[in-house]
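The exercises below ask you to read a protein model step by step. Keep the sequence and the structure in view while you work, and try each task before you read its solution.

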Amino acid sequence: MRILLFTGKGGVGKSTVAAGTAALSAAGGHRTLVLSTDAAHSLADAYGVAVGAEPTEVAERLFVQQVDAQLRFQQSWAEIQGYLLSVLDVAGVDPVAAEELTVIPGAEEVLALLELRLHARSGAWDVIVVDCAPTAETLRLLALPEALGWYMQRVFPAERRIVKALRPVLNRAAGVPMPGDRVFDAVERLHAELDEVRQLLSGPEASVRLVLTPESIVLAEARRSYTTLSLYGYRVDGVVANRVFPAEDADDWRAGWVLAQDDVLVQVEQSFDGLPIWRSVYRPREPVGVAALTDLAREVYGDSDPLAPPAGDGPFRIRRTSSGAVLHLALPHVTRADVDLARNGDDLVVTVGSYRRVLTLPSSLARLQVAGARVEAGELQVRFREVAAAPEKERA
């Protein structure tokens with residue numbers, strides 16, 4: 001099964017490109033599902049049909065779904081929210097305000113990804129195309145499963161044991177209900193499901209495609225997205241430059257835009273060197289409907305295979321050496337000055353700008369010492385070596 005995620009700055013046409021790619025996949029004989037995790041759904045508008053919260057067949061082998069994030073939120077968050085509401089009720093918080101306070105910003109979009117997990121497990125699809133939220137929301141969404149995983153490994157087990165042992169005392173002393181087993185079970189279940197999503201999306205059959213328009217501001221955000229997606233271990237396998245003005249028969253006004261876009265497109269080629277750059281020309285009218293979107297995708301991808309699995313090892317790998325190992329993490333467009341690196345027990349904390357990833361080291365690396373680090377050719381390389389054995393007298 002092939003999984004493709006499309007993201008980009010709001011307004012660049014990512015939904016149109018995602019819808020076209022899905023339509024082309026179905027036309028090639030693949031049973032294809034395209035779903036939107038963006039709260040501002042636009043897939044129905046792109047296909048020109050009514051689409052609901054369940055997969056809707058809009059053409060042969062092509063199904064569309066606009067995930068009901070609110071429904072998914074209620075299904076996955078109900079137990080946890082119920083406990084939080086009981087705490088706020090004891091504290092005297094107005095019920096309407098309490099309802100708002102128990103909804104984590106962005107949680108609905110995150111939980112919408114659980115729909116992807118269900119479809120992937122079903123085995124019903126050859127290709128799943130995901131129309132993601134705009135870039136910033138997508139990055140927060142994709143970072144959450146691993147961040148939650150750190151909490152579940154380091155804090156959650158001890159917290160659960162303490163609360164279970166002291167619940168009667170805490171209930172009386174604090175006057176606030178302590179979470180019961182059902183709440184803890186719900187948190188564990190949610191973590192397991194999100195972790196499964198992360199494994200799916202960082203696996204060898206999944207990749208992200210960045211959609212941009214040839215504008216300097218849009219390109220700058222796409223470059224940052226490429227860096228951050230790599231930081232979290234997600235593969236970017238191509239870039240779609242959308243709404244490129246055709247140079248033929250251009251009047252003075254359009255000729256100016258062609259020249260300006262040409263300058264940015266050169267920078268796009270340099271910024272994403274090694275990745276395929278597909279172009280979509282600015283059309284005289286908006287492509288709406290399966291046929292128009294299929295034609296758009298055929299022009300964009302040309303002779304290339306739009307469903308080809310991503311090449312290479314991915315952004316994260318470990319290489320063994322005679323003295324230890326080297327951890328490689330792709331960080332395109334980053335210099336050593338942009339990276340902050342720290343070791344905390346079995347965790348390696350990598351910070352790039354405002355984004356941080358806590359990498360729990362495998363046991364084979366956790367027992368080694370960090371011997372040094374460098375950023376070379378857009379890649380962070382962290383060297384590990386064996387811990388030197390203490391002299392016999394010291395051991396004695």
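**Exercise 1. A pair of strands and their sheet**

In which sense do β14 and strand β15 pair, and over how many bridges?

Solution. Before starting, keep in mind that this is a predicted model. Step one is to find the two strands, and on doing so you will see that β14 and strand β15, the latter covering residues 379–385, pair in the antiparallel sense over seven bridges. Step two is to pick out one opposed pair of residues, for which E376 is a good choice, since E376 stands opposite E379 in β15. Step three is to place the pair in its sheet, which is an open one made of four strands in the order β9-β10-β15-β14, with antiparallel pairing. The edge strands of this sheet are β9 (316–320) and β14 (369–376), and each of them pairs on one side only. From one strand to the next, the twist averages 20°.

**Exercise 2. The surroundings of V375**

Which residues does V375 touch, not counting residues up to four places away in sequence?

Solution. First locate V375, which lies in strand β14. Next, list the residues that V375 touches once those up to four places away in sequence are left out: they are V334, T335, R336, V339 and L380. Finally, take V334 from that list and compare two kinds of separation, for V375 and V334 are 41 residues apart in sequence, while their C-alpha atoms are 7.7 Å apart in space.

**Exercise 3. The sheet of eight strands**

What is the order of the strands in the open sheet of eight, and which strands are at its edges?

Solution. Reading across the sheet, you find the order β3-β4-β2-β5-β1-β6-β7-β8, and the pairing is mixed. The edge strands are β3 and β8 (277–281), each of which pairs on one side only, and the twist from one strand to the next averages 25°. To see what mixed pairing involves, look at both ends of the order in turn. At one end, strand β3 (residues 56–59) and strand β4 (residues 62–66) run antiparallel and are joined by three bridges, with T56 standing opposite V64 in β4. These two strands form a hairpin with two residues between them, and R61 in the turn has a positive phi of about 70°. At the other end, β7 and β8 run parallel and are joined by four bridges, and the bridge partner of V240 is W278 in β8.

**Exercise 4. Two acidic residues compared**

Is D237 buried or exposed, and is E299 buried or exposed?

Solution. Begin with D237, which lies in strand β7 (residues 236–244). Its relative accessible area is 10%, and because a residue under 20% counts as buried, D237 is buried. Leaving aside its neighbours within four places in sequence, D237 has contacts that include R2, L4, S207, W278 and P310. With S207 there is also a polar contact of 2.9 Å between the two side chains.

Now turn to E299, which is found in helix α11 (residues 290–301). Its relative accessibility is 52%, and because the limit for exposed residues is over 50%, E299 counts as exposed. When residues up to four places away in sequence are not counted, E299 touches R279, V281 and R283. The C-alpha atoms of E299 and W278 are separated by 9.2 Å, although the two residues are 21 apart along the chain. As for the helix itself, α11 lies across β1 (2–7), β3, β4, β6 (206–212), β7 and β8, and it runs at about 135° to β8.

**Exercise 5. Two packed helices**

At what angle do helix α9 and helix α10 pack, and how far apart are their axes?

Solution. Two packed helices are described by the angle between their axes and by the distance between those axes. Here helix α9 (residues 216–231) and helix α10 (residues 252–271) pack at an angle of about 5°, with axes 10 Å apart. Angles under 35 degrees count as roughly parallel, and therefore α9 and α10 are roughly parallel to each other. On the α9 side the residues are S216, L219, R223 and Y226, and they meet V264, Q267, V268 and S271 in α10. Sorted by type, the residues of this contact comprise four nonpolar, three polar and one charged.

Key
Residues are numbered from 1 along each chain as its sequence is written. This is a predicted model: local features need pLDDT of at least 70, side-chain atom pairs count only at pLDDT 80 or more; totals for chains, interfaces and linings use all residues. Side-chain values use heavy atoms; hydrogens and water are left out. Axes are lines fitted to C-alpha atoms, for helices over the stretch in contact, and angles run from 0 to 180 degrees between N-to-C directions. Angles under 35 degrees count as roughly parallel, over 145 as roughly antiparallel, 65 to 115 as roughly perpendicular and the rest as oblique. Contact means heavy atoms within 4.5 Å. Ala, Val, Leu, Ile, Met, Phe, Trp, Tyr, Cys and Pro count as nonpolar, Asp, Glu, Lys and Arg as charged, and the others, Gly among them, as polar. Buried means under 20% relative accessible area, exposed over 50%, partly exposed in between (1.4 Å probe, protein chains only). A polar contact is a pair of N or O atoms within 3.5 Å; within protein, one must be able to donate a hydrogen and the other to accept it, and residues adjacent in sequence count only if both atoms are side-chain atoms. Two strands pair if DSSP finds at least two bridges between them.
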